[in-house]
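Subject: Structure handover

Hello,

Please find the structure below, with my notes after it. Could you keep the two together when you load the file?

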Amino acid sequence: MLLTISTTHRPATDLGYLLHKHPDRVQEFAQSFGTATVLYPEASEERCTAALLLEVDPVRLARRRGRETPDFSLAQYVNDRSYAASSLLGVALADVFSTARSGICKARPELAEQALPLEIAIPVLPCRGGAEIARRLFEPLGWRVDAEPIPLDEGFPAWGASRYLRLTLHGELRLADALSQLHVLLPVLDESKHYWQGPDEVDKLLRSGGAWLAAHPDRTLITRRYLGRRGGLTRLALARLAELDDTELDDTGPDAEVGEEEVLQPEERRVPLNRQRHEAVLAAIAELGARSVIDLGCGPGQLLDRLLKAPGIERVAGCDVSTRSLQYAARRLHVDRMSERQAGRLELFQGALTYEDPRFAGYDVAVLMEVVEHVDPPRLPALERVVFGAARPGAVLVTTPNRDYNVLYEGLTGRRHPDHRFEWDRAEFADWCARVAATHGYAVEHRGVGDVDGTHGSPTQLAVFTRKENADD
Ligand code: SAH
């Protein structure tokens, strides 16, 4: 199994820094199912290629499966594992390039944040659904996809194509994004996953998938295939992804064609929670009669999109600490094709909510939608000062998960998202709101978002803070 990553960024050999693997060396990494080797077939100033070679030991792979999945068939020992890129290559890639995947590079920090010209080649890729699926999965992420079916037997063209592709991807992406996408999508393209999946697979998927998966038009297909036939996990992951995006869950697609089991229950087809949250926030903004709104921690920009279309709103701003999220937002809002008038209404900028910033000030309403729980508790007082003390908008809308409600999510053991630093129950949130309001001269009103449970409340909590007239400038 082979996968190569090339760049023509100058100096191309910087790829070695980003991957944390020196271009002059050949390095081996033991995997539980074989050996991964990283080497550089070319490393010049103009072009550099890193190759990940995976040799699978079928005996070790078979032993590793353990007692939970007894399968003594010969297919475990005689199969295509040694030749075809597969889910195992995704696992090895995630392991060998784990630091690069997290986007950390002390030697070249700016480069790790930057989109680079990349070419990824996988000479033999088993691909369920063929070239069309490869395109559907990679093109929305910004890749140019060259997927060439490999004939079953070159000597007998009449036999047609095998289920393998030669896949080449070209694009300008952050290397960390490219690696995360491959980590998720290689097993998705493959027939099946070959390793045990526990509930933490959902966390792994959300960690690697992050914003790009939530915004992907085929996220349902990707999630189902990634988690295999474990419908409970798939449901959980889709519910959690729906928290990140408001696209309707798509229940059609090629999985239906290949006859996979039905995993979505009717309740998941209702209005996704994220959509309900947008509606609640937009309704509050309309009630307040706001003309200018800043979305603090705007993520990939779904709310900004709605705000730009909402009547009566003249100015919209979005800010996030993540440049990647801002890129997604710019793409979603078609900033490059906006009319001058539209562009004049929108401000999109990078900033951290824990540092005072004059750009946060001057809006009627500030929205902090599903943001506070991403901030480390010791940094929260800084955020409170920056938003309520310094920016001081007329109103602040804060939404956050209601931890009381978590017991109703089947299969959820930890927090709703791996990035959450905490999740408040209703009493904790009420305490926080009361203290912040009292300190900074705001009144606070509590609302719930989503279906209310008699005992546990609603899934999302919404607090509407309004500045008290006499407490202000
Ligand atoms: N408001 C969006 C995104 C929520 S995810 C929505 O509801 O869909 C949380 C977002 O907060 C992420 O995009 C993250 O990058 C951003 N974020 C977390 N900490 C931040 C900070 N200190 N400053 C600015 N943005 C932050």
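The notes below go through the sheets, the helices, the ligand site and two backbone details.

This is a predicted model, and every value quoted is computed from it.

First sheet

One open sheet has seven strands in the order S2-S3-S4-S1-S5-S7-S6, and its pairing is antiparallel. Its edges are strand S2 (27-31) and strand S6 (144-151), each of which pairs on one side only. From one strand to the next the twist averages 15 degrees. Within this sheet, strand S1 (residues 2-7) runs antiparallel to strand S5 (residues 116-126), and four bridges join them. If you want a residue pair to check the register, Ser6 has Glu119 in S5 as its bridge partner.

Helices H7 and H8

Helix H7 lies across S1, S5 and strand S7 (161-173), and runs at about 15 degrees to S5. H7 (residues 175-189) also packs against another helix, H8 (residues 200-214): their axes come within 9 Å and cross at roughly 115 degrees. The crossing of H7 and H8 is left-handed. On the H7 side the contact is made by Ser180, Gln181, His183, Val184 and Leu185, and on the H8 side by Leu205, Ser208, Gly209 and Trp212. Of the residues in this contact, four are nonpolar, five are polar and none is charged.

Second sheet

A further open sheet of seven strands has the order S10-S9-S8-S11-S12-S14-S13, here with mixed pairing. Strand S10 (346-350) and strand S13 (442-449) are its edge strands, and each pairs on one side only. Neighbouring strands of this sheet are turned against each other by 15 degrees on average, with direction ignored. Strand S8 (residues 292-296) pairs with S11 in the parallel sense, over three bridges. In that pairing, the bridge partner of Asp295 in S11 is Val367. Helix H13 (residues 302-309) lies across S8, strand S9 (315-320), S10 and S11, and runs at about 175 degrees to S9.

Ligand site

Which residues are closest to the ligand? They are Gly297, Asp320, Val321, Leu353 and Met369, out of 15 residues that surround the ligand. Three polar contacts may be of use when you set up the site:

- Gly297: a polar backbone atom is 2.7 Å from a nitrogen atom of the ligand.
- Asp320: a polar side-chain atom lies 2.5 Å from an oxygen atom of the ligand.
- Leu353: a polar backbone atom is 2.9 Å from a nitrogen atom of the ligand.

Asp320 is also within the range of strand S9 (315-320), and Met369 is within that of strand S11 (365-369).

Backbone details

Most residues other than glycine have a negative phi, and most peptide bonds are trans. Two places in the model depart from this. The peptide bond from Arg10 to Pro11 is cis, with omega near -10 degrees. Pro11 sits in the loop between S1 and helix H1 (15-19). Glu370, which is not a glycine, has a positive phi of about 55 degrees. Glu370 belongs to the loop between strand S11 (365-369) and helix H16 (380-391).

Regards

How values were computed
Residues are numbered from 1 along each chain as its sequence is written. This is a predicted model: local features need pLDDT of at least 70, side-chain atom pairs count only at pLDDT 80 or more; totals for chains, interfaces and linings use all residues. Side-chain values use heavy atoms; hydrogens and water are left out. Axes are lines fitted to C-alpha atoms, for helices over the stretch in contact, and angles run from 0 to 180 degrees between N-to-C directions. Helices (H or I, at least four residues) and strands (E, at least two) are DSSP runs, numbered from the N terminus. A crossing is left-handed if the near helix is turned anticlockwise from the far one by less than a right angle, and right-handed if clockwise. Contact means heavy atoms within 4.5 Å. Ala, Val, Leu, Ile, Met, Phe, Trp, Tyr, Cys and Pro count as nonpolar, Asp, Glu, Lys and Arg as charged, and the others, Gly among them, as polar. Two strands pair if DSSP finds at least two bridges between them. A residue is near a molecule or strand if one of its heavy atoms lies within 4 Å of it. A polar contact is a pair of N or O atoms within 3.5 Å; within protein, one must be able to donate a hydrogen and the other to accept it, and residues adjacent in sequence count only if both atoms are side-chain atoms.
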